[in-house]
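Me: Take a close look at what lines the ligand site in this one, please. After that, walk me outwards through the rest of the fold.

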Amino acid sequence: MKDDKSPVWVIADQESCNLLPVTPQLVGKSRKLADDLGTTVEVVLLGDGVDTQPSNLFASGAERVFLGNDPALAEYHPDVYTDVIVGLAEKHKPQIILMGSTSMGRELAPLVAARLSTGLTAHCIDLNINADRVLEQIIPAYGGEITIVCPERRPQMATVAQGVFPLPALDEGCRGEVVSIDGPFVHTGRVEILEVVIEAPEGIPLDTATCVLAAGAGAGDLEGWKLIVELSKALSAGLGCTRPAVDEGWAELETMIGQSGKMVSPETYLGIGLSGEQQHMVGIAGAKTMIAVNNDKKSPVFSQVDYGVVDDCRDFVPVLLEKIRQYREKQVSC
Ligand SMILES: Cc1cc2nc3c(=O)[nH]c(=O)nc-3n(C[C@H](O)[C@H](O)[C@H](O)COP(=O)(O)OP(=O)(O)OC[C@H]3O[C@@H](n4cnc5c(N)ncnc54)[C@H](O)[C@@H]3O)c2cc1C
């Protein structure tokens with residue numbers, strides 16, 4: 001496999017016919033991987049009404065787009081999308097397939113990997129080509145990072161969350177080849193899509209928030225969590241969480257920050273009642289100023305932030321809320 005010039009693939013992710021940012025981010029990263037391998041970047045784009053999107057993919061660094069533009073592909077369907085991608089992959093033999101850790105990618109990537117009898121690394125935080133021309137798939141683990149490789153099987157497959165890689169500089173002059181994928185696209189009936197509901201996110205979106213408040217197991221219970229929600233509103237902050245807050249049912253999975261959640265880059269990050277585990281902290285690596293509140297002065301979170309407050313969050317949050325209220329009152333009366 002040393003002289004393998006087969007392409008690097010990205011499976012595009014779109015919503016309402018617009019590419020999600022993770023797609024050009026992955027295309028940009030694939031450009032670097034493909035250059036290191038001396039090969040091409042190709043994208044599989046499925047949907048209905050997505051035929052204007054290939055130019056954006058070429059501008060991001062792709063050379064070829066396999067385009068399935070058909071009413072039967074309008075909504076993501078696990079069986080149909082898997083069949084199409086597996087069929088193409090068996091024919092064109094990409095050496096790498098990347099997908100976003102999106103709601104589609106989280107399901108589709110393992111389905112495709114299983115059908116192609118290959119490995120898959122979920123939620124990578126970096127990707128590189130090593131001296132053996134093998135894809136290094138890096139994830140946080142054991143308090144640091146580990147590198148996973150798949151030397152024996154092809155394609156090498158990985159998912160990456162939105163925001164891990166930057167958007168590439170666009171070169172609008174770049175052109176490439178569009179290859180139409182012919183149907184029919186057969187729905188087996190094993191899975192039937194009854195309705196697609198896109199929930200409007202509550203509060204300030206984490207992706208664009210200048211201040212992010214994240215809380216974890218230390219919130220204690222639902223009452224404690226309500227205080228956290230109140231504080232996020234008072235601070236006009238995007239509200240994120242750690243895994244235990246999701247497991248306890250206090251917060252939605254979509255608001256989890258970290259390796260298997262969202263990547264955020266706010267001006268200010270305030271972490272309350274969380275221990276600073278690597279899997280969470282990789283999600284806030286882009287934050288400018290970081291503050292943590294924890295009742296354990298030896299908590300590892302304190303060595304990772306700019307400012308630390310040793311306090312019980314049940315005491316700290318009501319006091320901070322009161323201070324904010326007083327500050328706002330003063331501002332109004334001035
Ligand atoms: C493959 C994999 C992927 C993962 N992905 C993610 C991910 O994307 N995001 C994520 O968050 N996690 C992820 N996890 C889980 C992660 O490893 C940690 O278990 C999790 O982040 C810990 O959450 P926590 O800090 O809230 O809880 P804990 O580690 O239990 O820490 C709670 C902290 O709260 C403090 N505390 C307790 N009571 C109070 C109080 N009254 N006031 C103030 N402080 C208090 C404690 O001192 C402690 O430091 C992943 C794990 C794996 C294995």
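Reply: The shell around the ligand splits into 6 nonpolar, 15 polar and 5 charged residues. For that split, Ala, Val, Leu, Ile, Met, Phe, Trp, Tyr, Cys and Pro count as nonpolar, Asp, Glu, Lys and Arg as charged, and the others, Gly among them, as polar. Bear in mind that this is a predicted model: local features need pLDDT of at least 70, side-chain atom pairs count only at pLDDT 80 or more, and totals for chains, interfaces and linings use all residues. Numbering starts from 1 along each chain as its sequence is written.

In total, 26 residues surround the ligand, with Gly216, Gly218, Thr242, Gly258 and Ser275 the closest; a residue gets in if its C-beta atom, placed from the backbone, lies within 6 Å of the molecule. Three helices each put at least two residues into this shell: H6 (243-247), H7 (278-281) and H8 (313-333). Helices (H or I, at least four residues) and strands (E, at least two) are DSSP runs, numbered from the N terminus.

Moving outwards, the protein has 8 helices and 17 strands. Its radius of gyration, taken over C-alpha atoms, is 22 Å, which agrees with the value near 20 Å for a compact globule of 334 residues; that rule is 2.2 Å times the number of residues to the power 0.38. The C-alpha atoms fill a box of roughly 65 × 45 × 40 Å along the principal axes.

Of the 334 residues, 44% are buried, where buried means 20 or more other C-beta atoms within 10 Å of the residue's own, exposed means 12 or fewer, and partly exposed is in between, with C-beta atoms placed from the backbone. Strand S6 (residues 96-100) is a nice case: 5 of its 5 residues are buried, so S6 is largely enclosed by the rest of the structure. Ile96, Leu98 and Gly100 point one way from S6, while Ile97 and Met99 point the other way. S6 pairs in parallel with S1 (residues 8-11) over 3 bridges, and Val8 has Ile96 as its bridge partner. Pairing here means that DSSP finds at least two bridges between the strands. S6 also runs parallel to S11 (residues 156-160), joined by 5 bridges, with Leu98 partnered by Ala158.

Just before S11 there's a quirk: Arg154 and Pro155 are joined by a cis peptide bond, omega about 0°, and Pro155 sits in the loop between S10 and S11. Gly183 and Pro184 share another cis bond, also with omega about 0°; Pro184 is in the loop between S12 (177-180) and S13 (211-215).

S10 takes us to an open, antiparallel sheet of 3 strands in the order S8-S9-S10. S8 (126-129) and S10 (144-148) are at the edges with a single partner strand each, so one side of each has no neighbour in the sheet. S8 and S9 (residues 135-141) pair over 4 bridges, with Leu127 opposite Gln137.

Two serines also catch the eye, each with a positive phi of about 50°: Ser117 and Ser236. Ser117, in the loop between H4 (103-115) and S7 (120-124), counts as exposed with 8 C-beta neighbours inside 10 Å. Ser236, in the loop between H5 (222-234) and S14 (238-241), is exposed too, with 12.
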